[in-house]
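Hi everyone, thanks for making time. I'll walk you through one structure today, so have a look at it first and then we'll go piece by piece.

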Amino acid sequence: MKKIFTVVMAVAFAFSVAGFAVAADNAVKAAPAAEKASKPKAKAVTGTGTIEALDAAAGTMTMKGKKGSVDLKAGKNVKLDSFKVGDTVSVTYADGTASSVKAVKGKKTTTKTETKTETKTETKTETKTETKTTTETMPAAPAPAPAPVKK
C-alpha cells in the first residue's frame with residue numbers, strides 16, 4: 001500500500017511540475033500580446049516645418065516646427081530624395097516614423113511696414129544790426145588831361 005501511495009504521489013508531483021511549466025510558457029507567450037494590447041497606438045500628427053538635417057540614404061530627417069525639432073525616420077513608402085535642407089514640408093508621423101512628407105509651396109506673406117515720419121521745424125531768427133560809420137578821406141584821383149584841340 002505504501003508503494004502505491006508513493007507512486008501516486010510521484011505521478012501527481014510530475015503533473016504539477018509539468019502544469020507549472022506549461023503555465024509559465026503560456027504566460028511568456030501571452031506577455032507580448034498583453035503588452036501590445038495595453039500599449040495604445042500613437043495618434044498620427046501632421047505638422048509643417050523646415051528641414052534642418054537630412055540623410056536620404058539612411059531615411060532620416062530632422063524637422064523644426066513651431067513647437068520645436070523632431071527627429072523622424074522615413075516610412076516604407078516615403079522617399080526623401082527630392083528634398084533638401086531648408087525646404088518647408090508638411091509631415092504626417094507617429095512614433096517617430098514619417099508616413100507622409102510633402103513639399104509646401106511658398107505662401108504669400110504680407111509684411112506690415114510701419115513708417116513714422118517725424119518732422120521738426122525749428123526756426124531761430126536772430127537779428128543783429130551793427131552800424132559802423134567810418135569816414136576816411138582818400139586822395140582824389142587826378143583829373144584827366146584835356147584833350148588837344150585841333151584847328
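**A first look at the chain**

Let's begin with burial: of the chain's 151 residues, 14% count as buried, meaning under 20% relative accessible area, where exposed is over 50% and partly exposed lies in between, with a 1.4 Å probe and protein chains only. Now, a caution: this is a predicted model, where local features need pLDDT of at least 70 and side-chain atom pairs count only at pLDDT 80 or more, while totals for chains, interfaces and linings use all residues. Residues are numbered from 1 along each chain as its sequence is written, and side-chain values use heavy atoms, with hydrogens and water left out.

How confident is the predictor? pLDDT is its confidence in each residue, from 0 to 100. The chain averages 77, and 64% of the residues score at least 70. Among the elements, helix H1, residues 2-38, has the lowest mean pLDDT at 72, and strand E2, residues 60-65, has the highest at 92.

So what are the elements? We've got 1 helix and 5 strands, in the order α-β-β-β-β-β from the N terminus. Those are DSSP runs numbered from the N terminus: helices are H or I with at least four residues, strands are E with at least two.

Now the fun part, the barrel. It's closed, has 5 strands with mixed pairing, and runs E1-E2-E3-E5-E4. From one strand to the next, the twist averages 50°; the axes behind that are lines fitted to C-alpha atoms, for helices over the stretch in contact, with angles from 0 to 180 degrees between N-to-C directions.

In general, strands of a sheet pair through backbone hydrogen bonds, either parallel or antiparallel. Here, two strands pair if DSSP finds at least two bridges between them.

Take E4, residues 88-94. On one side, E4 pairs with E1, residues 45-55, in the antiparallel sense over 6 bridges. Within that pairing, Gly49 has Val89 as its bridge partner, and Thr46 stands opposite Thr92. E4 also runs antiparallel to E5, residues 97-103, with 6 bridges joining them; there, Ser90 stands opposite Lys102.

And what links E4 and E5? Their hairpin has 2 residues between the strands, and Asp95 takes a positive phi near 55°.

That's my tour, thanks!

Methods: pLDDT is the predictor's confidence in each residue, from 0 to 100.
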